[in-house]
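Could you look this one over before we talk? I've jotted down some points to help you find your way around.

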Amino acid sequence: MTMGPSYPPDDGQWRCGRCGCPLEQGKVQVFYLNSAFDVFLPRCPQCGLTMVPKSLAEGKMLEVEALLEDK
């Protein structure tokens with residue numbers, strides 16, 4: 001089984017805003033500009049709501065976005 005990158009939540013005890021369940025790391029497929037990426041992100045085991053940690057959104061995702069838009 002091939003594992004994608006894992007991005008744990010930023011510090012703290014994170015819970016789902018819908019269900020109140022503790023978030024767990026889970027495989028999520030992220031799409032951007034006709035490209036798909038498998039990554040492990042914090043998500044709700046009950047409803048599937050996924051959290052993108054601030055460090056990922058303002059770091060790696062911003063870099064990838066710039067690279068894909070330059071193509």
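Here are my numbered points, going from the overall layout to single residues.

1. First, a caution: what you have on screen is a predicted model. Please read every distance and percentage below as something computed from that prediction.

2. The overall layout is quickly told. The protein has two helices and two strands, and along the sequence they come in the order β-β-α-α. Strand E1 covers residues 24–32 and strand E2 covers residues 35–43. Helix H1 takes in 54–57, and helix H2 runs over residues 60–70.

3. A few totals for the whole protein. There are 71 residues, and 21% of them count as buried. About 5,300 Å² is exposed, with carbon and sulfur atoms supplying 53% of that area. If you take the contacts with a separation of 6 or more, 44% come from residues 24 or more positions apart.

4. Now the strands. E1 and E2 run antiparallel, and nine bridges join them. One place to see the pairing is Val28, whose bridge partner in E2 is Val39. Another is Lys27, which stands opposite Phe40 in E2. When you rotate the view, keep in mind that side chains in a regular strand alternate between the two faces of the sheet.

5. The turn of this hairpin deserves a look too. Two residues sit between the strands, and Leu33 has a positive phi near 45° there. Leu33 comes up again in point 8, where helix H2 enters the picture.

6. How many salt bridges does the count give? Just one, between the side chains of Lys27 and Asp38, with 3.9 Å from N to O. The two residues are 11 apart, with Lys27 in strand E1 and Asp38 in strand E2, so the pair links distant parts of the chain. In general, oppositely charged side chains can pair when their charged atoms come close. Are the two partners buried, exposed or partly exposed? Lys27 has a relative accessible area of 49%, so this residue counts as partly exposed. Asp38 is partly exposed as well, at 33%. The cut-off for exposed is over 50%, which is why Lys27 at 49% stays in the partly exposed class.

7. Next, try Thr50, in the loop between E2 and helix H1. Which residues does Thr50 contact once its neighbours within four places in sequence are left aside? They are Val28, Leu41, Pro42 and Arg43. Thr50 also has a contact of its side chain with the backbone oxygen of Gly48, at 3.2 Å. The C-alpha atoms of Thr50 and Glu24 are separated by 9.5 Å, with their positions 26 residues apart along the chain. Thr50 counts as partly exposed because its relative accessibility is 30%.

8. Last stop: Glu69, in helix H2. Residues up to four places away in sequence aside, Glu69 touches Tyr32 and Leu33. Leu33 is the hairpin residue with the positive phi from point 5. Glu69 and Leu33 are 36 residues apart along the chain, while their C-alpha atoms are separated by 8.2 Å. With a relative accessibility of 47%, Glu69 counts as partly exposed.

Methods. Residues are numbered from 1 along each chain as its sequence is written. This is a predicted model: local features need pLDDT of at least 70, side-chain atom pairs count only at pLDDT 80 or more; totals for chains, interfaces and linings use all residues. Side-chain values use heavy atoms; hydrogens and water are left out. Two strands pair if DSSP finds at least two bridges between them. Helices (H or I, at least four residues) and strands (E, at least two) are DSSP runs, numbered from the N terminus. Buried means under 20% relative accessible area, exposed over 50%, partly exposed in between (1.4 Å probe, protein chains only). Contact means heavy atoms within 4.5 Å. A polar contact is a pair of N or O atoms within 3.5 Å; within protein, one must be able to donate a hydrogen and the other to accept it, and residues adjacent in sequence count only if both atoms are side-chain atoms. A salt bridge is a side-chain nitrogen of Lys or Arg within 4 Å of a carboxyl oxygen of Asp or Glu. Accessible areas come from the Shrake-Rupley method with a 1.4 Å probe; for residues, only the protein chains shown count as cover.
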